[in-house]
Amino acid sequence: MHVALTGATGFLGLRLLRRLLDTHRSVTVLVHAGSGDALHRITRYFALTGVPEAALAELPGRLRVVETELERPGLGLSRHAFQELADGLGAIWHSAGSINLAGDLAELRRTNVEGTRHVLELAAAGRERPVVHHVSTAFVAGSRREGVAYEDELDGAYGFENAYERSKYEAEVLIHAWSREHRRPVVVLRPSILVTDLPPHPELPSHPLQVVERILRDARRTAEPGCRARVRLVGRPDGRLNLLQVDHAAGIMVRLADRTPSGGVDTYHVVHDRDVPVPTIVTLLERLVELSVELVAEEPDDPSALEALVDCYPDLTTYLTHRRRFDDTRVRTLFGSSVASDRVDLDHLWSGLVPRGLVAAGPSPTSALPSAPCA
Ligand SMILES: NC(=O)c1ccc[n+]([C@@H]2O[C@H](COP(=O)([O-])OP(=O)(O)OC[C@H]3O[C@@H](n4cnc5c(N)ncnc54)[C@H](OP(=O)(O)O)[C@@H]3O)[C@@H](O)[C@H]2O)c1
């Protein structure tokens with residue numbers, strides 16, 4: 001069965017591609033038109049993660065690269081090219097999307113909702129009725145910050161923390177309607193926040209924690225240098241977030257694809273069995289950005305210049321108030337304890353945020369804060 005993958009140059013997509021190539025002789029990668037040399041980016045990821053030269057040399061022959069534009073009907077392909085592509089596929093993995101948490105709803109809808117619509121149209125056109133494996137997010141659960149979110153739930157009643165969550169929710173709603181209308185199976189994979197301990201590298205895609213770190217670092221530059229700026233963030237000391245190693249997530253997703261789909265929409269939470277306490281994430285950010293974070297229940301009414309800057313991204317900091325758990329009974333029933341992954345701790349997160357060359361020179365995540373607080 002021949003498979004196509006969207007988003008193969010992304011943080012998750014690269015790992016999915018690697019797993020798919022373990023079991024498929026070749027993969028069609030539907031890459032973002034005009035976004036740089038995808039084959040080169042993919043090859044660099046494989047090289048930087050230790051794939052041997054001989055396997056690298058085989059890559060061009062194992063990947064069929066098709067430039068696509070998710071937002072455009074027919075994925076921006078000619079009618080003939082679209083039909084030819086559709087007819088050659090037995091499965092479509094849809095991992096492309098915008099994960100811009102501070103993004104504008106209209107823009108996110110174009111990529112995440114309309115993009116999904118066009119991928120479903122590709123599946124509908126295919127002679128072999130390809131199965132769609134859609135990468136969603138556990139955060140379609142929206143603004144419900146407490147309790148348990150179940151795999152079968154899809155409910156917009158709680159509202160959303162940001163436009164990204166809403167767009168991913170709307171894409172899932174679209175999938176349910178499409179599956180019913182076409183009587184076609186779709187596998188929906190809902191990972192939590194994906195992390196890595198692979199140090200950042202200019203040729204590798206960023207991941208969400210790196211983006212948060214960058215935002216805080218930019219804001220921090222405005223504060224008095226050489227001292228540890230204090231910032232009050234709305235959050236809960238008893239809060240917790242689900243973070244999962246991206247390679248592990250890709251492995252579970254590809255294993256799920258071996259199951260025979262039910263015929264409708266099969267949704268799976270791809271999550272860690274242990275949440276990370278919010279204070280661990282706060283400690284990490286304090287060490288990385290030289291901040292002293294105080295978690296407060298309400299937004300301060302006398303924000304400092306730095307707090308006002310950080311507050312420009314309320315859609316990010318709101319996650320510090322979460323205590324919700326994601327139920328993954330369906331995944332665990334299928335795979336048992338083999339889905340357990342290593343603990344995501346401070347050291348793991350630190351490794352994925354500090355460039356390799358700086359690890360030896362920089363403070364360890366557990367060392368004392370290096371500088372005095374601001375007066
Ligand atoms: N990262 C997480 O923690 C996380 C957690 C839960 C769910 N997810 C979901 O997982 C999926 C992959 O996320 P990721 O972390 O791999 O994101 P990413 O690193 O930002 O990668 C996004 C991928 O989508 C492609 N893409 C973006 N816009 C496109 C367009 N208009 N047309 C064609 N391709 C386009 C990008 O290509 P270019 O790079 O060439 O633009 C890239 O390959 C997303 O659906 C996301 O919602 C991610």
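The lining of the largest cavity breaks down by class into 6 nonpolar, 5 polar and 1 charged residues. This is a predicted model, so please keep that in mind throughout, because side-chain atom pairs count only at pLDDT 80 or more. The residues lining that cavity are F11, R15, T196, L198, P199, P200, H201, L204, P205, H207, Q210 and G352. Its volume is about 80 Å³. In total, the structure has 3 cavities of 30 Å³ or more.

Next, the ligand. Which residues come nearest to it? There are 26 residues around the ligand, and the nearest are T9, H32, S35, R41 and Y164. Sorted by class, that shell holds 11 nonpolar, 12 polar and 3 charged residues.

Now the polar contacts, beginning with the two that involve side chains. Y164 places a polar side-chain atom 2.6 Å from a ligand oxygen. In R41, an N or O atom of the side chain is 2.7 Å from an oxygen atom of the ligand. With L70 the backbone takes part: one of its polar backbone atoms is 3.4 Å from a nitrogen atom of the ligand.

How much of the ligand does the protein bury? On its own the ligand exposes 900 Å², and 89% of that is buried by the protein.

Last, the elements behind the shell. Those giving two or more residues are α1, spanning 11-23, α6, spanning 163-182, and β8, spanning 193-195. Which element gives the most? That is α1, with 3 residues.

How values were computed:
Residues are numbered from 1 along each chain as its sequence is written. This is a predicted model: local features need pLDDT of at least 70, side-chain atom pairs count only at pLDDT 80 or more; totals for chains, interfaces and linings use all residues. Side-chain values use heavy atoms; hydrogens and water are left out. A residue is near a molecule or strand if one of its heavy atoms lies within 4 Å of it. A polar contact is a pair of N or O atoms within 3.5 Å; within protein, one must be able to donate a hydrogen and the other to accept it, and residues adjacent in sequence count only if both atoms are side-chain atoms. Accessible areas come from the Shrake-Rupley method with a 1.4 Å probe; for residues, only the protein chains shown count as cover. Helices (H or I, at least four residues) and strands (E, at least two) are DSSP runs, numbered from the N terminus. Ala, Val, Leu, Ile, Met, Phe, Trp, Tyr, Cys and Pro count as nonpolar, Asp, Glu, Lys and Arg as charged, and the others, Gly among them, as polar. On a 1 Å grid over the protein atoms alone, a cavity is a set of points where a 1.4 Å probe fits but cannot get out, and a pocket is an open set with protein on both sides within 12 Å along at least five of seven lines; lining residues have an atom within 4 Å of a point. Grid points are joined across faces, edges and corners, and a volume is the space filled by probe spheres set on the points.
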